[in-house]
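Colleague: Could you take me through some charged pairs and surface features, one question at a time, and give your reasoning with each answer?

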Amino acid sequence: MADSDSDSVPEEKFSLKEVLITFQSCLTDNQEILTDSYVNGWRGLVRFMNSLGSIFSFISKDAVNKIQIMVTHQNGENGDKYETLQSMVKYELDNNLVDLQRRAEHPESGCRTLLRLHRTLRWLELFLEKLRTSTEDSKTSVMCTDAYNDSLAQYHAWIIRKAATMAFCALPGRAAFFQTMNVGSTEQVVAMLVEAIPFISKVYEITEELYKQHNLLELP
C-alpha cells in the first residue's frame, strides 16, 4: 500500500507554510499543474489531518493510498506522461487507460485516483476557509461538518457520512487547530491562511475545469 515515503508522513510535523509553498509551486507559467508538487502538497495535508489524531484517519489513510498510486505512476516506465495533470489526462485518455463507465480494467488509473484527492481537497479548502473567517467562539465541529456536507459527503455512503459527522464532534477547539498550524499567533495563522487558500483554490479550479472538459468528474 504505502512505501517508506508515505509511511513517514505522520511522523513529520505539519507546517501550513510548507503547504502554501508547495501548492504555490504547483502551477506552471501556462497554468498547468505539476503532479509532483500536487502530491507533495497532499503529503502536507495528510500531516495536518494526522496531527489532529484519529478523527480524520478514515480520510487520511485513503489519501496516503492515493498518493502512493500517483507516485507509482510517476516512477513507472511512462512517468514522463505524468509530469502534469494535463499530460496525465491526455496520455490516459489517448491510450484508453481510464474506466469511464464502470470500474473494470483500470481501477488505479491516474485520472480516477487524482479525482478522489481532488474531491477531498475541496472539503479541506472549504474547512480552512471557515477557519480563516471564524471567531474565537466558533465551533470547529460545525465548520468541519458544514464543509464536508458541501463537498465530500455527496460521494460517501450514508454509513460513512454518519461516522464522519460523529467523528467531527470530537474535534479540538479553534485555538488547538491554530496551534497545529505551527505558524505562531492567531493573527499569524489567519494571515498565512489568507495567503495559502487562494493557491489551493486555484489548483482546485484548474483541475475541476480540466476534468469537466473531458467529462471525468463522475468517474466510477
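Colleague: Is Trp 158 buried or exposed?

Modeller: Please keep in mind that this is a predicted model. Trp 158 lies in helix 8, and its relative accessibility is 55%. Because a residue counts as exposed when its relative accessible area is over 50%, the verdict for Trp 158 is exposed.

Colleague: Which helix gives the most to the nonpolar patch?

Modeller: The patch on the surface is formed by Phe 58, Trp 158, Ile 159 and Ile 160, which together have about 420 Å² of accessible area. Three residues of this patch come from a helix that spans residues 158-168. The helix that gives the most is therefore helix 8.

Colleague: How many residues apart are Glu 18 and Arg 47, and which of the two counts as buried?

Modeller: The side chains of Glu 18 and Arg 47 meet in a salt bridge, with 2.2 Å from N to O. This pair links distant parts of the chain, since Glu 18 is in helix 2 (residues 16-24) and Arg 47 is in helix 3 (residues 35-50), 29 residues apart. Glu 18, at 28% relative accessibility, counts as partly exposed. With a relative accessibility of 6%, the residue that counts as buried is Arg 47.

Colleague: What separates Asp 62 and Lys 66 in helix 4?

Modeller: Asp 62 forms a salt bridge with Lys 66, and their closest N and O atoms are 2.9 Å apart. Asp 62 is partly exposed, with a relative accessible area of 35%, whereas Lys 66 counts as buried at 8% relative accessibility. Because the two residues are four residues apart in helix 4 (residues 57-75), the separation between Asp 62 and Lys 66 is about one helical turn.

Colleague: Is Glu 125, the partner of Arg 122 in a salt bridge, buried or exposed?

Modeller: The closest N and O atoms of Glu 125 and Arg 122 are 3.3 Å apart, and both residues lie in helix 6 (residues 110-132), three residues apart, about one turn of the helix. Arg 122 counts as partly exposed, at 27% relative accessibility. Glu 125 has a relative accessibility of 9%, and because a value under 20% is the cut-off for this class, Glu 125 counts as buried.

Colleague: How many salt bridges does the structure hold?

Modeller: Among them are the pair of Glu 18 and Arg 47, the pair of Asp 62 and Lys 66, and the pair of Glu 125 and Arg 122. For the structure, the number of salt bridges is five.

Notes:
Residues are numbered from 1 along each chain as its sequence is written. This is a predicted model: local features need pLDDT of at least 70, side-chain atom pairs count only at pLDDT 80 or more; totals for chains, interfaces and linings use all residues. Side-chain values use heavy atoms; hydrogens and water are left out. A salt bridge is a side-chain nitrogen of Lys or Arg within 4 Å of a carboxyl oxygen of Asp or Glu. Buried means under 20% relative accessible area, exposed over 50%, partly exposed in between (1.4 Å probe, protein chains only). Patches are made of residues with over 30% relative accessible area and no salt bridge: like charges are joined within 9 Å, nonpolar side chains (Val, Leu, Ile, Met, Phe, Trp, Tyr) within 5 Å. Accessible areas come from the Shrake-Rupley method with a 1.4 Å probe; for residues, only the protein chains shown count as cover.
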